[in-house]
Amino acid sequence: MLSAAASVATVTVAQPTPAFPDPESETWVADLGLGTGPAYDAAVARLHDLLLRAARFELRRRGAHTDLDDLAFQAANDALVAILAKLPTYRGQSRFTTWAYKFALLEAAVKARRRAWRGREVPLDAEGWALVPARGNTPGTDAETAELLGAVSTAIATVLTSHQRAVLVAITLQDVPIDVLAERLGTTRGALYKTLHDARRKLRAQLALQGLEPLDSEGGSR
């Protein structure tokens, strides 16, 4: 009879190794996983070229023609760093190059948004919550919606901190990209997401106390 330890060991050994969708993907992961050496350096260089092409494509698609090469190079560099850091999370559910391209497209999108906002003032007026009722002041606005918008405006003014109001207004009413706002405030996207989440949670709770349903993202409470 096998001991308990032997039984556990047998089960552990029997676990299947995650399959790669194709031999090329397996080679990518193996070479990049080395961390050093000629094969690693060659794989990094090839990957950077792929990321650079993907970044250029995305920047052109977004109309970012000014400083395109510089922005694409920055995006490819940042994407490469992120891929190497997250390499253990690759599970082979798609080709490695497809998985990697997504990093380049994301970084290029971030660079394009920041480029579009360069030189533009980011509105950080916490009192911008007053725009909420104005957005609902249209001929098609019924009394129930008007009441809800007024309640949202009051809740923003009374239950949120000035920082929460400023972040909520900038992102949901002024359409400031969250990565641009993070850069201007010297913080991180994660910290701003947390602030936004807390602000929306407070607003939902306040509206619930009044028996009102939260608005969609246009109203800033969902």
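1. Helix H4 has 19 residues, which at 1.5 Å a residue should span 27 Å, and because its end C-alpha atoms lie 26 Å apart, the expected and computed lengths agree. This is a predicted model, and the remarks that follow should be read with that in mind.

2. Several residues of H4 are buried, namely Leu68, Leu71, Ala72, Ala75, Ala76, Ala79, Leu80, Ala82 and Ile83. The buried residues of H4 pack against H3 and H5. It may help to recall that an α-helix has 3.6 residues a turn, so residues three or four places apart point the same way.

3. Which residues does isoleucine 83 touch, once its neighbours within four places in sequence are set aside? Its contacts are then Leu47, Leu51, Phe96, Trp99, Ala100 and Phe103.

4. Isoleucine 83 also appears in the largest nonpolar core, a set of 32 residues in which Trp28, Leu32, Leu47, Leu51, Leu59, Ile83 and Phe96 have the most contacts. At least two residues of this core come from each of H2 (23-32), H3 (38-61), H4 (68-86) and H5 (96-116), and H3 gives the most, with ten residues. Another core, of 22 residues, lies apart from this one, and its members include Trp117, Ile171, Val176 and Leu181.

5. Helix H5 can be checked in the manner used for H4: it has 21 residues and reaches 31 Å from its first C-alpha to its last, close to the 30 Å expected at 1.5 Å a residue. Its buried residues include Phe96, Trp99, Ala100 and Phe103, and also the charged-side-chain residues Glu107 and Lys111. The buried residues of H5 pack against H2, H3, H4 and H9.

6. Helices H9 (residues 178-185) and H10 (residues 189-209) pack with their axes 9 Å apart and at an angle of about 105 degrees. Angles of 65 to 115 degrees count as roughly perpendicular, and H9 and H10 are therefore described in that way. On the H9 side the contact is made by Ile178, Asp179, Leu181, Ala182 and Leu185, while H10 brings Arg189, Leu192 and Tyr193. Of the residues in this contact, six are nonpolar, none is polar and two are charged.

7. Is threonine 172 buried or exposed? This residue lies in helix H8 (residues 162-173), and it counts as buried because its relative accessibility is 9%, where the cut-off for buried is under 20%. Threonine 172 and leucine 196 are 24 residues apart in sequence, yet their C-alpha atoms are 9.4 Å apart in space.

Terms used. Residues are numbered from 1 along each chain as its sequence is written. This is a predicted model: local features need pLDDT of at least 70, side-chain atom pairs count only at pLDDT 80 or more; totals for chains, interfaces and linings use all residues. Side-chain values use heavy atoms; hydrogens and water are left out. Axes are lines fitted to C-alpha atoms, for helices over the stretch in contact, and angles run from 0 to 180 degrees between N-to-C directions. Helices (H or I, at least four residues) and strands (E, at least two) are DSSP runs, numbered from the N terminus. Angles under 35 degrees count as roughly parallel, over 145 as roughly antiparallel, 65 to 115 as roughly perpendicular and the rest as oblique. Contact means heavy atoms within 4.5 Å. A nonpolar core is a set of buried Ala, Val, Leu, Ile, Met, Phe, Trp, Tyr and Cys residues joined through side-chain atoms within 4.5 Å. Buried means under 20% relative accessible area, exposed over 50%, partly exposed in between (1.4 Å probe, protein chains only). The expected span of a helix is 1.5 Å times one less than its number of residues.
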